[in-house]
Amino acid sequence: MIRVLLTELRRGEAKWAAALMTLTGCWYLASESPAQSDWIGWWTQTSLQVQLFGVIVMGSVMSSAAAWGAGRAHRHRTLPLADTAARTGWTQALVVGLAAWLCALLGYAVLTAVAFARTAGVSELTAPVWAPLLLGAAVLALQTAFGTALGAALPSRVVAPFAGVFWYGLFVVLGFLPDSPVNKLVPAVDEHWDTVFAPNTTRMLIAGVWCLALALLLPALPALLRSAARPRPYAPVALALVALGAGAALASFPTPKPDPYWAVRKEQPAEPVCATSGRTTACLWPEDRHLLARARAAAGRVDAGLGGLKGLNRGFYATGLDRPPGTTAELPLTSPAETEEQLTEAMYAASLPLPPEDCEPRPRDDIGGYPDTFLFEAAVRQRIGAPSEYYGDRFGAAVERIARAPRAAQDTWIEQAAGAIRTCRPVPPLPGPPR
């Protein structure tokens, strides 16, 4: 069996497809800039990125390669000779599928090493996340098995490209149907998770069992139609029962809206990493400690800009962290390589108080019919010298009127407006005389 597998690895076309996909994946993972990336520096996102490329791109191509290899007996008209072999048709197909999968796994491991090296260059932690990668390897097995079964069953040369187009098209369609139950059975995790989420290892392991059982079962189906090389039905029936049980478990698990299906919320850290400057504090998850120096500099800029203003949020906590009561706000991080400027802008935006969820907008005629919260934001941004949106001459005149008022009057208006917004009341009249 091992000798036959090594022969298939040497002569099969799958190795060239895997090599091409590995080179493409290395270029894709190595060419992205950390400043523009949403995964370089976060270990969970790095694993998700590798499994996504491995499943959608590499898996689709490897399914075609497996179908081409399994159809060799049809193309060379050696199927009657294969029926006389000592091995069953199932075993023959498994050898082809296993060779394609091993080639894919080798390339998958290279992509993992490249992606992990990129994240290790940014993150101060070494904490690889393996569950998404194991799930991706199991889906690769399913894809190559599907191609093998298709190539062994149908004699047409069109079968090979069809296998790849089928998988890629399936992932595209499911991308537009995120709530479809089929997404649970074709687990390509095409999502961006905040640092608050970790992989749901239990679900991913069950999905891996589902994929592997189905990967072993599919090549047996064409062999059951070949009377001369038909396998005994006991093993296929057992695999079908395992796949049915795992698939039923996946389908029965509820999706924890709005959380991702494949994720769980992490436990709160014993101590978040925080940077304080004056009255302003920014706290991050421990795995984001590589951003601490930039967060400290951003907090200093925000503290200097807001000065002694009261009523604004001065404590910023990364998404998912528990916040103490008071003037605190969520600090969203969109990238593991956030710059000081991006963190500063995020803190300025988070410093503005928000009205209650059930509070209706309050448009004002003297600012062109825009909500009064727009005016409050523009006034604060004008005060700190940050750019703001322009909503017309009347709106600009109202902002200018606030800016012309004495500093004490500005402070009073901003502080009173902040309190009014928090309690769903109209902001106070504009300070100073009209122009």
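Reader: Which residues does Phe-376 touch, not counting residues up to four places away in sequence?

Author: Beyond those sequence neighbours (up to four places away), Phe-376 touches Leu-312, Leu-352, Pro-353, Trp-413, Ile-414, Ala-417, Ala-418 and Ile-421, where contact means heavy atoms within 4.5 Å. The model is predicted, so local features need pLDDT of at least 70 and side-chain atom pairs count only at pLDDT 80 or more, whereas totals for chains, interfaces and linings use all residues. Residues are numbered from 1 along each chain as its sequence is written, and side-chain values use heavy atoms, with hydrogens and water left out.

Reader: What makes a set of residues a nonpolar core, and which members of the largest one touch the most other members?

Author: The term denotes buried Ala, Val, Leu, Ile, Met, Phe, Trp, Tyr and Cys residues joined through side-chain atoms within 4.5 Å. Buried means under 20% relative accessible area, exposed over 50%, and partly exposed in between, with a 1.4 Å probe and protein chains only. The largest core has 90 residues, and Met-347, Leu-375, Phe-376 and Trp-413 touch the most other members. Helix α7 (residues 131–153) gives the most to this core, with eight residues. A second, separate core of 26 residues has Ala-17, Met-21, Cys-103 and Ala-104 among its members.

Reader: Why is Gln-143 called buried?

Author: Its relative accessible area is 0%, so Gln-143 meets the criterion for a buried residue. Gln-143 has its place in helix α7; helices (H or I, at least four residues) and strands (E, at least two) are DSSP runs, numbered from the N terminus. Gln-143 touches Val-55, Gly-59, Ser-60, Ser-63, Trp-167 and Phe-171, leaving aside residues up to four places away in sequence.

Reader: Why is the contact between Arg-301 and Glu-341 called a salt bridge?

Author: A salt bridge is a side-chain nitrogen of Lys or Arg within 4 Å of a carboxyl oxygen of Asp or Glu. The closest N and O atoms of Arg-301 and Glu-341 are 3.8 Å apart, so the pair qualifies. This pair links distant parts of the chain, with Arg-301 in helix α13 (residues 292–306) and Glu-341 in helix α14 (residues 340–351), 40 residues apart. Arg-301 counts as partly exposed because its relative accessibility is 36%. The whole structure contains nine salt bridges.

Reader: Are Arg-314 and Asp-303, which also form a salt bridge, buried or exposed?

Author: Both are buried. Their closest N and O atoms are 2.9 Å apart. The pair links Arg-314, in the loop between α13 and β5 (315–318), with Asp-303 in helix α13, eleven residues apart.

Reader: How do you know that the salt bridge of Arg-381 and Glu-345 ties together separate parts of the chain?

Author: The side chains meet at 2.6 Å, N to O. Arg-381 lies in helix α15 (residues 372–384) and Glu-345 in helix α14, so the bridge ties together parts that are 36 residues apart in sequence. Arg-381 counts as buried because its relative accessibility is 7%, while Glu-345, at 35%, counts as partly exposed. Elsewhere, salt bridges that share partners join Arg-301, Glu-340 and Glu-341 into one network.

Reader: How do you know that β5 pairs with β4 and with β6?

Author: Two strands pair if DSSP finds at least two bridges between them. Strand β4 (residues 280–284) and β5 have three bridges in the parallel sense, so they satisfy this condition. Cys-283 stands opposite Tyr-317 in β5. The chain crosses from β4 through α13 to β5, and this β-α-β crossover is left-handed; a right-handed one would run clockwise from the first strand over the helix to the second, with the strands pointing away from the viewer. β5 and strand β6 (residues 328–331) also pair in the parallel sense, over four bridges. In β6, the bridge partner of Tyr-317 is Glu-330.

Reader: What makes β3 and β6 edge strands?

Author: Four strands form an open sheet of mixed pairing in the order β3-β4-β5-β6. β3 (273–277) and β6 each have a single partner strand, so one side of each is left without a neighbour in the sheet. The twist averages 20 degrees from one strand to the next, with axes fitted as lines to C-alpha atoms, for helices over the stretch in contact, and angles running from 0 to 180 degrees between N-to-C directions. α13 packs on the sheet, touching β3, β4 and β5, and its direction makes about 30 degrees with that of β3. α14 lies across β4, β5 and β6, at about 140 degrees to β6.
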